[in-house]
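Let's take a walk through this structure together, one piece at a time. Keep the picture open beside the text as you read.

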Amino acid sequence: MLKTPKLRFSALIFKGFLFSLPYMYAPMPNNKQKPYASNMLPPPPTSSHLSSLELDYVKSKGGDTGSTLLKKYAYRITQNIKRTISGDVTNDPVAKQYLPQNCELKILPEERLDPIGDEMHSPVKGIVHRYPDRVLFKPANVCAVYCRYCFRREQVGPKGEKAPDILSANERTAALDYIRAHPEIWEVILTGGDPLVLSPRHLGELMSALHAIDHVKVIRIHTRLPIADPARVTPELISAITTQTNRSDSGEKALYIALHINHAQELTAENRAAIIALHKAGISLLSQSVLLKDINNDADILTGLYRELVALHVKPYYLHHPDLAPGTGHFRLSIAEGQTIMQKLRGRLSGLCQPTYMLDIPGGFGKVPLTPCALEPLADGGYAVTDYQGHKHTYAPAVERKS
Ligand code: SF4
């Protein structure tokens, strides 16, 4: 019997619900497997498969649900993130980060599909080798949530059959071979997408392979998972990423996790517990934030965030100036405004709480610090030094002394 349109619609909603179940338990694919083995759930939804409940939620929070918008950029939000939203996209700093808005369809001339030029530095799929001593290794291009300002928004998110969500076994082998063949690679940064959406087994295998490479001394994981979905920071996941680190026969490798968080409102009791669990497992924790207009471009808000993080054993690492990703003009502010905020933070926060304000030069030329310099060179070789209250002082030139 043919389905009526209403029935077809209900079936679509049900399919969307099934698709939204965890995709992350997919096993590591071998050469013959597709990324999702037959005994696993189907791949995650494209945004056009959102359930009516989810569409209603987005609308209730002032977001837009037009099909062009939802097809263009992936949408996903977790229950944990929903619990941190108390207002809507007009006034809530968390809602603004995740809920789709029609203004994202406005693409400005300066915006780029690949704002930081990953592609031009990618020798093999999944690897970005921009600086001599380190590589980005991207095993997955999906995330637990999708941030509307994401600098890789054109790349991340489910893309269907043509672009699997995780590297195939052959691609993973080629990426690892590249790292093995380049002894100058001292640090590997697992990023994505979010590498921690992979199953613990998959992660454990990746970590083992990296630990077996002698010249790799540092492994860093960039993730939003402890903020987006702290329930998934399980003992199994922690064990998968730390077991090799603690093995004396594999050599000591330093393990860092850089958490992506932009506002203290994103911290719930569950998030805090997940962060503390990572700390107790011996992992060094850093934070990365994006300076976002009408979300956290305020010295008070950032002071609150950084104090919370340091108290949770997380060292604020980078505050990123927003990249020129398509449709993200409404999140950007001027560099001058960012520098003024940094100046205010210098007066309020200890060095431990200070991140470095960074710009990724558009086009793939690397990062540069934007944190304002307190030094001004003087003609006599000395310096004018500005203190945190804006007062100037002189610093005498160095005098050569005979020994
Ligand atoms: S978690 Fe990271 S990679 Fe994923 S959407 Fe957000 S910013 Fe982009």
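Start with two helices: α7 (200-211) and α9, residues 235-242, pack with their axes 7 Å apart and at an angle of about 10 degrees. That makes α7 roughly parallel to α9, a label used for angles under 35 degrees, while over 145 is roughly antiparallel, 65 to 115 roughly perpendicular and the rest oblique. The axes here are lines fitted to C-alpha atoms, over the stretch in contact in the case of helices, and the angles run from 0 to 180 degrees between N-to-C directions. The crossing of α7 past α9 is right-handed, which is to say that the near helix is turned clockwise from the far one by less than a right angle; anticlockwise would be left-handed. Helices and strands are DSSP runs numbered from the N terminus, with at least four residues (H or I) for a helix and at least two (E) for a strand.

Before going further, a word on the source: this is a predicted model, where local features need pLDDT of at least 70 and side-chain atom pairs count only at pLDDT 80 or more, though totals for chains, interfaces and linings use all residues. Residues are numbered from 1 along each chain as its sequence is written.

There's another helix pair to look at. The axes of α11 (299-311) and α12, which covers residues 335-348, come within 9 Å and cross at roughly 50 degrees. That makes α11 oblique to α12, and this crossing is right-handed.

Now for the sheets. One is an open sheet of nine strands with mixed pairing, and its order is β1-β2-β3-β4-β5-β6-β7-β8-β9. At its edges stand β1 (127-131) and β9 (367-369); each has a single partner strand, so one side of each is left without a neighbour in the sheet. From one strand to the next, the twist averages 25 degrees. Pairing means that DSSP finds at least two bridges between the strands.

At one edge, β1 pairs in the antiparallel sense with β2, residues 134-137, over three bridges, and Val128 stands opposite Leu136 in β2. Elsewhere in the sheet, β7 (314-320) runs parallel to β8, residues 356-360, with three bridges joining them. Here Tyr318 stands opposite Thr356 in β8. Then β8 and β9 run antiparallel, again joined by three bridges, and Asp360 has Lys367 in β9 as its bridge partner. The hairpin of β8 and β9 has six residues between the strands, and Gly363 takes a positive phi near 105 degrees there.

The other sheet has three strands: it is open and antiparallel, in the order β10-β11-β12. The edge strands, pairing on one side only, are β10 (375-377) and β12 (392-395). Its twist averages 30 degrees from one strand to the next. Three bridges hold the antiparallel pair of β10 and β11, residues 383-386, with Glu376 opposite Ala384 in β11.

What surrounds the ligand? The shell includes Cys143, Tyr146, Cys147, Cys150, Arg152, Val156, Gly192, Gly193, Asp194, Arg224 and His260, where near means that a residue's C-beta atom, placed from the backbone, lies within 6 Å. By class, five of these residues are nonpolar, three polar and three charged. Ala, Val, Leu, Ile, Met, Phe, Trp, Tyr, Cys and Pro count as nonpolar, Asp, Glu, Lys and Arg as charged, and the others, Gly among them, as polar.

Next, the backbone oddities. Most residues other than glycine have a negative phi, and most peptide bonds are trans. Gly192 and Gly193, however, are joined by a cis peptide bond with omega of about 15 degrees; Gly193 lies in the loop between β3 (187-190) and α7. Asp294 has a positive phi of about 60 degrees although it is not a glycine, and its place is the loop between β6 (284-290) and α11. His313, in the loop between α11 and β7, also has a positive phi, near 70 degrees.

Are Asp294 and His313 out in the open? Asp294 counts as partly exposed because it has 13 C-beta neighbours inside 10 Å. His313 is partly exposed too, with 14 such neighbours inside 10 Å. A residue is buried with 20 or more other C-beta atoms within 10 Å of its own, exposed with 12 or fewer, and partly exposed in between, the C-beta atoms being placed from the backbone.

Finally, find Arg232 in the loop between α8 (225-228) and α9. Arg232 is partly exposed, with 19 other C-beta atoms within 10 Å. The C-alpha atoms of Arg232 and Ala274 are 8.7 Å apart, with 42 residues separating the two along the chain.
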